Amino acid sequence: MLIDPSSELSFEKSRPGRTGCELPKDRFAAPAGRDGLPGSLRRKSAPALPELSEPEVVRHFVNLSRKNFSIDTHFYPLGSCSMKYNPKVNEWAAALESFSAVHPLQPEETAQGWLRIFYELEQSLKAITGMDRFTLEPAAGAQGELTGLMMVKAYHASRGEAGRRKVLVPDSSHGTNPATAALLGYEVVEIKSNVRGRVDLESLREKVDRQTACLMLTNPNTLGLFEDEILKITDAVHKAGALLYYDGANFNALLGIVRPGDMGFDVVHLNLHKTFSTPHGGGGPGSGPVGVKEKLAPFLPVPLVEKSGERYFLSLDRKQSIGRLKLFHGQAGMILRAYVYIRTLGRSGLKQVSEDAILNANYLKERLKKLFPVAVDEPCMHEFVLSAKTGEGKGVHALDIGKRLLDYGFHAPTVHFPLVVPEALMIEPTESESKETLDRFVEAFQKIKDEIDTNPEIVKTAPHLLPIERPDEVLAARKPILTFRDCDLFVLEKVGHT
Ligand SMILES: *Cc1c(COP(=O)(O)O)cnc(C)c1O
């Protein structure tokens, strides 16, 4: 057991009167001439909090944090999520007081530095994607999709074509794509993949028509494959008068190599928290800037940052704007991190990011496909998908392999997605891992493969070395136990004290 009971049970360690700090007695007294808190609102008894010294509290939280898997502690090949290393210099920049102490309602003249960061990041993203304008407002990839589709809707409406009510989505697309289209009342039409895991061009040509508002495409798709008929795809969609939406969440496969703008796309969203290195996971933070071609620029959310001479300002002047997506101007800290990341790497560094991401993925694919078949055996981009179907005879599923990897000190890949691959294991090593780490990962896979053959039970019941085994993930999300009391009791049970 990895659990160290002495580090865990803060309540049991509590001793009356033990404290880590002392608050000044008069700190909470009523100011002179004023009444204090009315008696009815005052506590009748002290709160039931543990009483501990400062080192005990520090150890408690540090030990708790060490039970987590994070990119700073573990290899984290979670497909589609780009869990790559986040250079600490970005954190340093985002924490600088001259940035962090600025309020979004301050007069523009006093926030010129911030506005310049917004402006210049937009210029970089335009250059990277080949689009004409960007909004940095959306607070997630999915909100970027919503923003993009709202502009698509407004565009068609402005041309008297509000009757376009279908959105085409390939069956390998990210789940947020059909969800976004459905949220806006669109009819979602699925496009089949061909045997090579790409959009089936015939199926697309059959389905795209005068009722189509747009095609939402993830490229590279969720199998990690580049759509090599991309120009035929964009051509077919444009000929029907529809628009093209590019899900660029996983842009670390493309930096400095190709641009959606050149492929004919009208809208693209990026995930700053994947490609441009902000720590993410566990629900945030996110930032999903959206870039558009000139024809969609009138519909962009407000405000946008403009520049006049040497002065930067926020412009609300956009009559056809879809409005605001979010309070204030976007996830400023992430915008700054992305800016620093891009400026640090420069053009050639960004290209190397993608080349290394692709190289790492292909290296891992070539080694792992000897153990589990790869969904489409072709060169991949930044990620690839294996099928664990061969384990089914022994009752072992992709989820079990993911759980067993935790015992070996690796975060699990994405499992059971994309849905087009049975027993999918979607692996994204990212550019920031060394060959030695990748080799250790292959060794763990080899061990698990051997275990499936000789002792499948140990895989089916994994993890064995972590404080929590297999929580009911739905229950954990819908009815989380958030009180520390219950948590501690839970841990007590685990270590056999009750
Ligand atoms: C992660 C991802 C999204 C959604 O991004 P969020 O920030 O999680 O909302 C959309 N599309 C693809 C391809 C992704 O990988």
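**Figure 1. Arg196 and Asp228, a salt bridge between two loops.** At 32% relative accessibility, Arg196 counts as partly exposed. Keep in mind that this is a predicted model, here and in every view below. The side chain of Arg196 meets that of Asp228 in a salt bridge, with 2.8 Å from N to O. This pair ties together distant parts of the chain: Arg196 sits in the loop between strand 3 (187–191) and helix 9 (201–207), while Asp228 belongs to the loop between strand 4 (212–218) and helix 10 (230–239), 32 residues apart. Buried or exposed, or something in between: what is Asp228? Its relative accessible area is 43%, so Asp228 is partly exposed.

**Figure 2. Some other salt bridges.** How many salt bridges does the structure hold? There are 37. One of them joins the side chains of Glu161 and Arg164, at 2.5 Å from N to O. Glu161 is partly exposed at 24% relative accessible area, whereas Arg164 is buried at 5%. You'll find another between the side chains of Lys365 and Glu366, at 2.8 Å from N to O. Lys365 has a relative accessible area of just 1%, which makes this residue buried, but Glu366 is partly exposed at 34%. Salt bridges can also link up into a network, as with Glu122, Arg133, Glu306 and Arg318.

**Figure 3. The ligand and the residues around it.** Which of the 14 residues around the ligand come nearest? They are Ser80, Gly141, Asp247, His273 and Lys274. Now look at the oxygen atoms of the ligand. One lies 2.7 Å from a polar side-chain atom of Lys274. A polar backbone atom of Ala142 is 2.8 Å from an oxygen atom of the ligand, and for Asn250 there is a distance of 3.3 Å between an N or O atom of the side chain and a ligand oxygen. On its own the ligand would expose 380 Å², and the protein buries 86% of that. Two elements, helix 7 (141–158) and helix 12 (272–275), each give two or more residues to the shell around the ligand. Helix 7 provides the largest share, with three residues.

**Figure 4. An open sheet of three strands.** Follow the strands across and you get the order 10-12-11, with antiparallel pairing. Strands 10 and 11 are at the edges with a single partner strand each, so one side of each has no neighbour in the sheet. Four bridges join strand 10 (residues 384–387) to strand 12, and one partnership to spot is Phe384 with Ile427 in strand 12. Strand 11 (residues 414–415) pairs with strand 12 over two bridges; here Val415 stands opposite Leu425. Side chains in a regular strand alternate between the two faces of the sheet. In strand 12 (residues 424–427), Ala424 and Met426 are on one side and Leu425 and Ile427 on the other, and all of them are buried, leaving both faces covered.

**Figure 5. A nonpolar patch on the surface.** Which residues make this patch? Val57, Phe61 and Leu64 do, and together they form a nonpolar surface patch of about 250 Å². Val57 is part of helix 3 (residues 54–65). With 33% relative accessibility, Val57 counts as partly exposed.

**Figure 6. Ser40 out in a loop.** Ser40 is in the loop between helix 2 (10–13) and helix 3. Its relative accessibility is 65%, so Ser40 counts as exposed. Compare its place with that of Pro138: the two are 98 residues apart in sequence and 44 Å apart in space, C-alpha to C-alpha.

Technical notes. Residues are numbered from 1 along each chain as its sequence is written. This is a predicted model: local features need pLDDT of at least 70, side-chain atom pairs count only at pLDDT 80 or more; totals for chains, interfaces and linings use all residues. Side-chain values use heavy atoms; hydrogens and water are left out. Buried means under 20% relative accessible area, exposed over 50%, partly exposed in between (1.4 Å probe, protein chains only). Two strands pair if DSSP finds at least two bridges between them. Patches are made of residues with over 30% relative accessible area and no salt bridge: like charges are joined within 9 Å, nonpolar side chains (Val, Leu, Ile, Met, Phe, Trp, Tyr) within 5 Å. Accessible areas come from the Shrake-Rupley method with a 1.4 Å probe; for residues, only the protein chains shown count as cover. A salt bridge is a side-chain nitrogen of Lys or Arg within 4 Å of a carboxyl oxygen of Asp or Glu. A residue is near a molecule or strand if one of its heavy atoms lies within 4 Å of it. A polar contact is a pair of N or O atoms within 3.5 Å; within protein, one must be able to donate a hydrogen and the other to accept it, and residues adjacent in sequence count only if both atoms are side-chain atoms.
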